[in-house]
Amino acid sequence: MKILVPVDGSKNSLNAVQFIGSRKTLLGSEPKIELLNVQLPLPARACRLVGQDAIQRYYEDEAEKVFEPSRKILEKEGYQASEAFTVGEAAPTIAKAAEDIDADLIVMGSRGQSALKGLFFGSVSNGVLAQSKRPMLVIRDELPTPADSLRVGIAIDGSKYGRAAVRYVLKHLPLFGTQATFYLINVVSDYAGAVMPDMAGMALPALSEEEVLELQREEFNEAMDPLRPLFAKSAVKTKEICLVGNPGDEISAFARKRKLDIIVMGSHGYGRFKSAVMGSVATRIAASSNVPLLVIRTAS
C-alpha cells in the first residue's frame, strides 16, 4: 500500500502521522509511506537579494523542522518513511504527488470547519479533494484512537459509490487492524411519512405499519445483497445496520452512539460548490462529526 502524508508541522498534520503510527497491522505489512512538505515560494525580491544557494538552504532547514517530529512518531513505532519537500501551491502539488507515486491513500489532518458551514475542511484538504481522485482520509481536530483494530462504519446506498468503498476496505484490510469491527450501514426511506387525503381532505397514512416495514426491508436488502458475497469471500464478518431517515444525520448519530473510529464512504465528486466535492451526505456527516472520514472518490 502506498500512502502519501502531507505534513506542515501543525498539530493537525501530526495527528495524521500519529494515526499512521498507530496502525500496527498496517506497518507490519510494510506499506510505502511518503511524508511530503510543500512550502510556499519566498518573494522574488528576497530570492534575488540572498541568492539561490541561501534560498535552497532555507527551504531545506524549514523542511527538516517539519519532518523531525513526524519522523520521531514513526521511528518510535519502528518504521521509517521516505521524505520529500517541494515549493509551490499546496493543494495541486499534493494532488500531483499522489498521482506521481500512484498513491493508494492520502492521509491529511484538517483544522475543521471554515466560515461556510458546508466547507468543513481547511482550504488545503478541500483543494486536494477537488483536484485528486485518490482515496483520501481526513483526520479532524481530535487525535484518533491509538487502537490498532478500529470500529469502522461503511456507508452504502446501493450505488456504485458504496460498492467502491466496500472494495477499497476489503483490498486494504491491514489499514483497519486484525480484529476490526465493520458496520455496514444503509439508511432507508421513512415510508411511514407517506400520506394520502381522504374524502374530506384530511391526511391519512398511505401505508400500514407492516407495509412500511416490508418496504424498508426490501430497500435494505436491495442495497446489501450485492455486497454480502464480497465479505463472505474475504471471510470478513460485518454487522448490518439499517437506519431510517436523513442519511447524513443518521450516520453521524450512529457514529457517535457506537463510538466509531472511522467512517468510509464513496463519493461521486463535485457538490454545489467546487471545493465541496463530496456530495450532500458526506458533507453533512463531516460537518456534524469529528470522526475521521475516508472518502473513496469515483468519477461521475
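## Overall build

What share of the 300 residues in the chain do buried residues make up? The figure is 46%. This is a predicted model. Its chain has 11 helices and 12 strands.

How do the contacts run along the sequence? Take the contacts between residues at least 6 apart in sequence. Of these, 77% join residues at least 24 apart.

## Gln216 in helix α8

Gln216 sits in helix α8, which covers residues 209–224. Its relative accessibility is 10%. The cut-off for buried is under 20%, so Gln216 counts as buried.

Which residues does Gln216 contact, leaving aside its neighbours within four places in sequence? There are Val188, Ser189, Asp190 and Tyr191, and there is also Val244. Val188 belongs to strand β7, which spans 181–188.

## His172 in a loop

Now look at the loop between α7 (160–171) and β7 (181–188). His172 lies there. Is this residue buried or exposed? His172 is buried, because its relative accessible area is 7% and the limit for buried is under 20%.

His172 touches Met1 and Asp104, not counting residues up to four places away in sequence. Leu105 gives a distance to check in the model. His172 and Leu105 are 67 residues apart along the chain. Their C-alpha atoms are separated by 10.0 Å.

## Aromatic rings and a charge

How many aromatic pairs are there? The count comes to 3. One of them joins Phe176 and Phe182. Their ring centres are 5.9 Å apart, and their planes meet at 75°. Planes over 60 degrees apart count as edge-to-face, so this pair is edge-to-face.

Both partners are buried. Phe176 has 0% relative accessibility. Phe182 has a relative accessible area of 5%. Elsewhere, a charged residue meets a ring. Arg23 lies over the face of Phe19, at 5.3 Å from the ring centre.

## The cavity

Rolling a probe the size of a water molecule over the atoms shows where empty space is left. The structure holds 1 cavity of 30 Å³ or more. The largest cavity has a volume of about 30 Å³.

Which residues line the largest cavity? One run in the lining is Ile156, Asp157, Gly158 and Ser159. Gly162 and Arg163 are there too. Ala223, Pro226 and Leu227 complete the list. By class, the lining has 4 nonpolar, 3 polar and 2 charged residues. Asp157 and Arg163 are the charged residues in this lining.

Some of these residues can be placed in helices. Gly162 and Arg163 fall within α7 (160–171). Ala223 falls within α8 (209–224).

## Two loop residues with positive phi

Glu30 has a positive phi of about 55° although it is not a glycine. Find Glu30 in the loop between α2 (24–28) and β2 (32–39). Glu30 counts as exposed, because its relative accessibility is 65% and exposed means over 50%.

Lys259 also has a positive phi of about 55°, and it is not a glycine either. Lys259 is placed in the loop between α10 (247–258) and β11 (262–267). At 60% relative accessibility, Lys259 counts as exposed.

## Ala97 and Arg71 in their helices

Ala97 is in helix α5, residues 90–100. Is Ala97 buried or exposed? Ala97 counts as buried, at 12% relative accessibility. Ala97 touches Leu4 and Leu36, not counting residues up to four places away in sequence. Leu36 falls within strand β2 (32–39). Ala97 and Ser132 are 35 residues apart along the chain, and their C-alpha atoms are separated by 9.9 Å.

Arg71 is in helix α4, residues 52–76. Its relative accessibility is 22%. Buried means under 20% and exposed means over 50%, so Arg71 counts as partly exposed. Leaving aside its neighbours within four places in sequence, Arg71 contacts Glu64 and Glu83. Glu64 falls within helix α4 as well (residues 52–76). Arg71 and Glu83 are 12 residues apart along the chain. Their C-alpha atoms are separated by 9.0 Å.

Technical notes: Residues numbered from 1 in each chain as written. Predicted model: local features only at pLDDT ≥ 70, side-chain atom pairs only at ≥ 80, totals over all residues. Heavy atoms only, no water. Helix = DSSP H or I, 4+ residues; strand = E, 2+ residues; numbered from the N terminus. Buried < 20%, exposed > 50% of the residue type's maximum accessible area, 1.4 Å probe, protein only. Contact = heavy atoms within 4.5 Å. Phe/Tyr/Trp six-rings, centres within 6.5 Å; stacked < 30°, edge-to-face > 60°. Lys NZ or Arg CZ within 6 Å of the ring centre and 35° of its normal. 1 Å grid on protein atoms, 1.4 Å probe; cavity = no way out; pocket = protein on both sides within 12 Å on 5 of 7 lines; lining within 4 Å. Points joined across faces, edges and corners; volume = space filled by probe spheres on them.
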